[in-house]
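Me: Please go through this model with me in short questions and answers, with the cut-offs stated.

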Amino acid sequence: MLNEITADELQVKLEAGELINLIDVREPDEWEAGHIEQARLIPLSEFNARVEEVHAIEGEVIFICRSGARSGRVCEFMQLQGFDVTNVSDGNLGWHGPVVLGQ
């Protein structure tokens with residue numbers, strides 16, 4: 001079963017100072033249009049080549065995309081590899097917090 005949280009639940013965790021390893025799997029143009037400050041970008045199109053970067057940062061591994069579909073696929077893949085990961089089910093569409101524009 002896929003671990004999931006909403007964008008609002010993610011925001012509560014971030015505001016509480018929880019150690020979160022937030023990975024955005026959208027493409028660079030989507031990222032530059034607005035992303036969560038604490039996130040880092042590993043685009044789905046590059047994910048297989050960059051999968052070793054997932055655990056380069058400490059904290060609960062949470063994946064996000066626009067709507068939760070792409071990040072959900074990444075979570076399914078990572079769970080099959082034996083990793084404990086979480087998907088933001090409503091993605092950036094559900095995010096009500098501040099966003100950063102550009103890189």
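Me: Is lysine 13 buried or exposed?
Reply: The model is predicted, so local features need pLDDT of at least 70 and side-chain atom pairs count only at pLDDT 80 or more, while totals for chains, interfaces and linings use all residues. Residues are numbered from 1 along each chain as its sequence is written, and side-chain values use heavy atoms, without hydrogens and water. Buried means under 20% relative accessible area, exposed over 50%, and partly exposed in between (1.4 Å probe, protein chains only). With a relative accessibility of 18%, lysine 13 counts as buried.

Me: Which residue forms a salt bridge with lysine 13?
Reply: A salt bridge needs a side-chain nitrogen of Lys or Arg within 4 Å of a carboxyl oxygen of Asp or Glu. For lysine 13, the closest N and O atoms of the pair are 3.2 Å apart. The partner is partly exposed at 29% relative accessibility: glutamate 60.

Me: How many residues apart in sequence are the parts that lysine 13 and glutamate 60 tie together?
Reply: Helices (H or I, at least four residues) and strands (E, at least two) are DSSP runs, numbered from the N terminus. Lysine 13 lies in helix 1 (residues 7–15) and glutamate 60 in strand 4, so the salt bridge ties together parts separated in sequence by 47 residues.

Me: Which residues are linked with Lys13 in a network of salt bridges?
Reply: Lysine 13 has its salt bridge with glutamate 60. The network of salt bridges joins Lys13 to Glu60 and Glu18.

Me: How many salt bridges does a search of the whole structure find?
Reply: Among them is the pair of aspartate 24 and arginine 26, at 2.9 Å from N to O. Aspartate 24 is buried at 0%, and arginine 26 is buried at 6%. Another pair is glutamate 53 and arginine 50, also with 2.9 Å between the closest N and O atoms, and here glutamate 53 is partly exposed at 26%. The search of the whole structure gives a total of 6.

Me: In what order do the strands form the open sheet?
Reply: Two strands pair if DSSP finds at least two bridges between them. The sheet has 5 strands and its pairing is parallel. Its edge strands, each pairing on one side only, are strand 1 (4–5) and strand 3 (40–41). The order is 1-5-4-2-3.

Me: Which residue in strand 5 is the bridge partner of isoleucine 62?
Reply: Strand 4 (residues 60–64) and strand 5 (residues 86–88) are paired in the parallel sense, over 2 bridges. The partner of isoleucine 62 is threonine 86.

Me: Is phenylalanine 63 buried or exposed?
Reply: Phenylalanine 63 is placed in strand 4. Contact means heavy atoms within 4.5 Å; leaving out residues up to four places away in sequence, phenylalanine 63 touches several others, including Ile23, Val25, Phe47, Cys75 and Thr86. At 0% relative accessibility, phenylalanine 63 counts as buried.

Me: How many disulfides does the structure hold?
Reply: A disulfide is a pair of cysteine sulfur atoms within 2.5 Å. The sulfur of cysteine 75 has its closest cysteine sulfur in cysteine 65, at 9.2 Å, which is too far for a bond. Cysteine 65 is buried at 1%, and cysteine 75 is buried at 0%. The number of disulfides is 0.

Me: Is leucine 44 buried or partly exposed?
Reply: Leucine 44 sits in the loop between strand 3 and helix 3 (47–50). Apart from neighbours within four places in sequence, leucine 44 is in contact with Val25, Glu27, Arg70, Arg73 and Val74. Its relative accessibility is 27%, so leucine 44 counts as partly exposed.

Me: What is the radius of gyration of the protein chain?
Reply: The chain has 4 helices and 5 strands, running β-α-β-α-β-α-β-α-β from the N terminus. The radius is taken over C-alpha atoms, and the globule rule is 2.2 Å times the number of residues to the power 0.38. That rule gives 13 Å for 103 residues, and the chain's value is close to this, so the chain is as compact as a globular protein of that length: the radius of gyration is 12 Å.
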